Amino acid sequence: MSIYSKKQRWKIILLIIAVMIIGASLWYSNLIVSKIRNEEKQKVELWSQAIKEKSSLVRYTQDLFKKLRIDERKKVELWRDAMEESLQSNQENISNIATKILFDNHTIPVIITDETKKNVVLKVNLDEKRQEDPEYLRSELNIMASSYEPMEINEYGIHQFVFYKDSYRITELEERMDALINSFISETVINSASVPVILTESDRKKVLSHGNIDSLVIADPLLLDQKLKNMAAANVPIEIDLGEGGVSYIFYDESTILKQLKYYPFIQFLIIGLFLFVAYLIFSTFRKAEQDQVWVGLAKETAHQLGTPLSSLMAWVQLLEAKDIEPTMVQELNKDVLRLETITDRFSKIGSLPELNKVNIYKVLRSSVDYLQPRVSTKVNFSLNDQEKSPSTVKLNKPLFGWVIENLCKNAIDAMNGEGSIDIQVIDEIQVCYIDISDTGKGLPSKLQKRIFQPGFTTKKRGWGLGLSLSKRIIENYHEGKIFVKRSELGKGTTFRIVLNK
């Protein structure tokens with residue numbers, strides 16, 4: 001198993017562990033959210049039940065006020081009847097009951113006016129310090145006239161009207177009742193569950209009060225309508241009767257804290273993921289820089305080590321030429337020496353910016369094919385759409401580019417087990433030049449086509465898996481081109497494509 005395959009296996013294992021950790025964290029977070037939601041729901045249910053109890057108390061109190069007002073009106077009617085009886089007889093003949101009724105009224109303010117309803121004839125239970133003030137009497141008379149219909153006294157030519165208002169006891173109770181209702185509304189809005197609340201009238205449009213809701217939403221009818229619909233969809237509105245006619249509704253939703261808690265794990269994992277991604281990019285950059293330094297150091301050291309025996313071989317070739325040795329043997333030996341010199345030159349260029357020159361791409365390809373043809377099996381056939389006279393020129397470094405072509409051709413020969421054909425096609429476009437190198441080998445599975453350029457990846461029993469990685473580096477880093485698997489079929493062969501800018 002290659003180093004790259006082992007690394008891939010560890011990546012998959014670590015990914016599975018990470019997914020399991022994230023899944024367990026999300027499950028636990030959702031469990032906590034579910035518990036909080038249930039507790040909040042119980043609080044809201046208790047809160048809504050308390051609201052209903054308080055609203056029933058409000059209704060009872062309002063009914064009680066109605067009964068008290070009815071009783072007070074009856075008392076005023078009796079008081080008027082007693083006043084009529086006093087007008088019919090003199091002071092000595094008035095009955096004890098009428099006298100008791102007249103003098104037992106200590107709480108209900110009463111004003112008797114003449115038939116014009118403007119001149120005060122008698123006043124009872126008004127402010128003693130201000131009851132002689134005309135402005136005060138006029139104000140009280142207006143209040144009484146707007147509160148209840150006056151009662152008429154029409155006996156023996158005397159035509160008068162009896163005005164009254166609620167007793168001091170009812171007024172005091174009503175003030176306390178208003179405070180209770182206001183407190184009830186406040187408790188409705190500022191509730192123990194701290195959930196968003198809107199209290200509306202029976203039409204579900206006019207807002208009586210609200211809490212934990214943005215005021216801009218309340219002010220905008222469209223936003224308010226949408227908010228009420230969303231709250232009604234989340235929870236059934238609570239009906240309450242405040243005893244003022246019509247039913248009011250309480251709309252409520254989940255608390256803001258609960259909503260934030262639901263999305264918190266996802267935000268947390270997103271932030272952690274971004275942090276790990278950035279950290280990975282940084283460490284990957286450092287690792288790549290370190291690998292580049294190793295590559296450069298290895299290449300330069302190789303070139304340095306080859307330099308000494310190469311110089312010696314060149315001297316031996318010159319000596320053989322002077323000894324009248326078979327010229328053909330000396331020429332072939334000289335070719336191999338020149339080849340070693342080219343290889344040394346290639347290694348020395350790794351890590352430094354190579355010099356790119358305009359060359360005819362066909363000549364470079366023909367030179368590589370001519371070198372490889374006599375050094376491989378005779379069962380391997382090379383074909384090149386040879387157009388050396390074509391002006392198709394590209395900028396490249398001949399030693400490095402020739403290295404790429406040799407690597408691709410040698411891999412193709414290995415894939416064909418030393419028997420087959422290699423076809424090299426050049427497609428000349430306006431802005432780019434395509435070089436397709438096809439073989440009739442075993443082909444590559446689709447899952448391996450993207451991995452073959454990774455350092456250390458190889459399908460051979462022997463080899464370091466650096467040839468294609470080095471080729472990719474030369475084409476993309478030094479020549480600013482592209483290299484990739486154009487197509488591959490199992491049992492039929494593979495085509496690599498090189499793209500060079502013209």
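**Notebook: surface, salt bridges, cysteines and a hairpin**

I began with the accessible surface and found that the protein chain exposes about 31600 Å², of which carbon and sulfur atoms supply 56%. I note here that I am working from a predicted model, and that every value below is computed from it.

**Overall make-up.** I looked up the secondary structure next, and the protein chain has 11 helices and 15 strands. Of its 502 residues, 35% are buried. I also checked how far along the sequence the contacts reach: taking those between residues at least 6 apart in sequence, 65% join residues at least 24 apart.

**Nonpolar patch.** I then searched the surface for nonpolar side chains that lie together, and noted a patch formed by Phe277, Val278, Tyr280, Leu281, Ile282, Phe283 and Phe286, with about 750 Å² of accessible area together. I picked out Val278 for a closer look and placed this residue in helix H7, which covers residues 256–322. Val278 counts as partly exposed because its relative accessibility is 44%, a value between the limits of 20% and 50% that bound this class.

**Salt bridges.** My count of salt bridges came to 14, and I followed several of them by residue.

In helix H6 (residues 221–234) I found Lys229 and Asp225, which stand 4 residues apart, about one turn of the helix. Their side chains meet in a salt bridge with an N to O distance of 3.4 Å. Asp225 has a relative accessibility of 38%, so I entered this residue as partly exposed.

I turned next to Asp436, and asked which residues it is linked with in a network of salt bridges. The answer is Lys486 and Arg497, the three together making up the network.

For the link with Lys486, I recorded 3.1 Å between the closest N and O atoms. Lys486 belongs to strand E14 (residues 482–489) and Asp436 to strand E13 (residues 432–439), so this pair ties together parts that are 50 residues apart in sequence.

For the link with Arg497, the N to O distance is 2.7 Å. Arg497 sits in strand E15 (residues 493–501) while Asp436 lies in strand E13, so here the parts tied together are 61 residues apart in sequence.

I also compared how much of each member of the network is covered. Asp436 counts as buried at 6% relative accessibility, and Arg497, with a relative accessible area of 13%, is buried as well, whereas Lys486 is partly exposed at 34%.

**Cysteines.** How many disulfides does a search of the whole structure find? I got 0 from that search. I looked at two cysteines for their accessibility: Cys409 counts as buried at 1% relative accessibility, and Cys433 is buried with a relative accessible area of 0%.

**Hairpin of E1 and E2.** Last, I went to strand E1 (residues 110–113) and strand E2 (residues 120–124), which pair in the antiparallel sense over 4 bridges. One of the entries I made is that Thr113 has Val120, in E2, as its bridge partner. Between the two strands of this hairpin there are 6 residues, and in the hairpin I noted that Lys117 takes a positive phi near 65 degrees.

Key:
Residues are numbered from 1 along each chain as its sequence is written. This is a predicted model: local features need pLDDT of at least 70, side-chain atom pairs count only at pLDDT 80 or more; totals for chains, interfaces and linings use all residues. Side-chain values use heavy atoms; hydrogens and water are left out. Patches are made of residues with over 30% relative accessible area and no salt bridge: like charges are joined within 9 Å, nonpolar side chains (Val, Leu, Ile, Met, Phe, Trp, Tyr) within 5 Å. Accessible areas come from the Shrake-Rupley method with a 1.4 Å probe; for residues, only the protein chains shown count as cover. A salt bridge is a side-chain nitrogen of Lys or Arg within 4 Å of a carboxyl oxygen of Asp or Glu. Buried means under 20% relative accessible area, exposed over 50%, partly exposed in between (1.4 Å probe, protein chains only). A disulfide is a pair of cysteine sulfur atoms within 2.5 Å. Contact means heavy atoms within 4.5 Å. Two strands pair if DSSP finds at least two bridges between them.
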